Amino acid sequence: AKGDGRGLFRFFESEMDARMQARRALEVDLRRATEQHEFELYYQPQFNLGTGSVTGFEALLRWRHPDRGLVSPAEFIPLAEETGLILPIGEWVLAKACAEAAKWPSTVTVAVNLSPVQFRSAHVLRAVVSALSDSGLPAHRLELEITESVLLMETESTLALLNQLHILGVRISMDDFGTGYSSLGYLQKFRFDKIKIDREFIKGICEDEKSLAIIKAVTGLSASMGIATTAEGVETQAQLSRVKAEGCTEVQGFLTGRPMAARDAMALLQAPSRV
Ligand code: C2E
Ligand code: CA
Ligand code: CA
Ligand code: CA
């Protein structure tokens with residue numbers, strides 16, 4: 001039995017080694033990608049549920065890997081955060097998204113995801129200011145999406161930074177609402193412009209009473225505070241009718257539009273589709 005244990009241990013050890021090596025290889029790759037700008041932004045449309053027209057797009061990062069093709073952010077954002085590479089990558093995302101949005105009609109916004117790591121450095125304020133001034137995009141057409149984990153850091157400096165961004169005129173959205181901790185408390189600490197209800201709840205909206213109850217609570221609360229709500233990840237017509245009935249103000253999901261290349265986003269705006 002003792003021998004078996006050692007064998008098992010060795011197995012875990014080599015497993016760990018393999019994982020460390022894969023991680024290092026990915027890191028080398030990611031550094032090269034950052035230097036050589038192997039990234040692209042895709043844009044997913046957001047529709048106003050009252051008027052049915054496009055209000056904006058969320059910019060979603062893609063890595064055009066020379067051998068692996070299009071790599072999803074879920075695969076490399078965590079490592080980019082650990083290594084700090086998210087700072088130059090995030091700066092590129094802001095600049096690129098603002099430059100693209102500056103070509104759109106003046107009512108259309110662009111939403112950019114910010115990592116908590118970007119938030120920990122005062123750097124983000126500078127990156128936002130230069131993205132806006134370089135592109136000429138008016139601040140109110142830029143939305144920054146942050147998750148509850150940013151507020152979990154809960155320092156005075158985080159709130160100060162959020163307020164400075166607000167003063168610039170950019171909009172601040174709370175992303176993935178409901179998946180973190182004590183969400184409601186955060187609404188009192190900071191005045192968000194928009195709440196994005198996580199796909200997890202939308203998925204359950206037609207089947208499970210708890211998801212529906214949560215959505216009712218969030219839309220009710222948001223409406224009373226004058227905050228817009230986006231239903232994320234709507235995939236079916238039934239879900240769409242339901243979120244509309246519950247008073248969500250916007251929808252973003254595969255049903256109404258998948259993330260698309262910049263030129264397709266532009267084409268959509270030129271021949272506007274309605275939901
Ligand atoms: P997220 O911010 O919650 O973005 C929404 C994700 O849900 C996107 O995945 C989008 O393609 C996907 N989605 C949208 N509608 C539907 C739907 O109806 N069904 C399903 N199954 N999925 C849907 P994506 O593009 O793979 O991005 C994953 C996550 O990576 C994002 O989640 C965000 O947290 C992160 N991310 C993406 N771009 C950036 C970026 O530029 N910076 C940072 N820091 N994070 C990013
Ligand atoms: Ca987001
Ligand atoms: Ca989200
Ligand atoms: Ca998410």
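The legends below describe close-up views of a predicted model.

**View 1. Surroundings of Glu-232 in strand β8.** Glu-232 belongs to strand β8, which covers residues 228–232, and it counts as buried because its relative accessibility is 11%, with the cut-off for burial set at under 20%. Leaving aside residues up to four places away in sequence, Glu-232 touches Glu-58, Asp-175, Asp-176, Lys-196, Ile-197, Asp-198, Arg-199, Ile-202 and Gln-252.

**View 2. The salt bridge between Arg-19 and Glu-15.** Side chains of opposite charge can pair when their charged atoms come close. In this pair the closest N and O atoms are 3.7 Å apart, and the two residues are separated by about one helical turn because they stand 4 residues apart in helix α1 (residues 2–35). Arg-19 is exposed, with a relative accessible area of 56%, whereas Glu-15 is partly exposed at 33%.

**View 3. The salt bridge between Arg-32 and Asp-29.** Here the closest N and O atoms lie 3.1 Å apart, and both residues are again part of helix α1, 3 residues from each other, which is about one turn of the helix. Arg-32 is partly exposed, with a relative accessible area of 24%, while Asp-29 counts as buried at 18% relative accessibility.

**View 4. The salt bridge between Glu-75 and Arg-68, and a network elsewhere.** The closest N and O atoms of Glu-75 and Arg-68 are 2.6 Å apart; Glu-75 is partly exposed at 46% relative accessible area, and Arg-68 is partly exposed at 43%. Arg-23, Glu-27, Arg-31 and Glu-82 are joined into one network by salt bridges that share partners, and the count of salt bridges comes to 17.

Note on methods
Residues are numbered from 1 along each chain as its sequence is written. Chains are lettered from A and ligands numbered from 1 in the order in which they are written. This is a predicted model: local features need pLDDT of at least 70, side-chain atom pairs count only at pLDDT 80 or more; totals for chains, interfaces and linings use all residues. Side-chain values use heavy atoms; hydrogens and water are left out. Buried means under 20% relative accessible area, exposed over 50%, partly exposed in between (1.4 Å probe, protein chains only). Contact means heavy atoms within 4.5 Å. A salt bridge is a side-chain nitrogen of Lys or Arg within 4 Å of a carboxyl oxygen of Asp or Glu.
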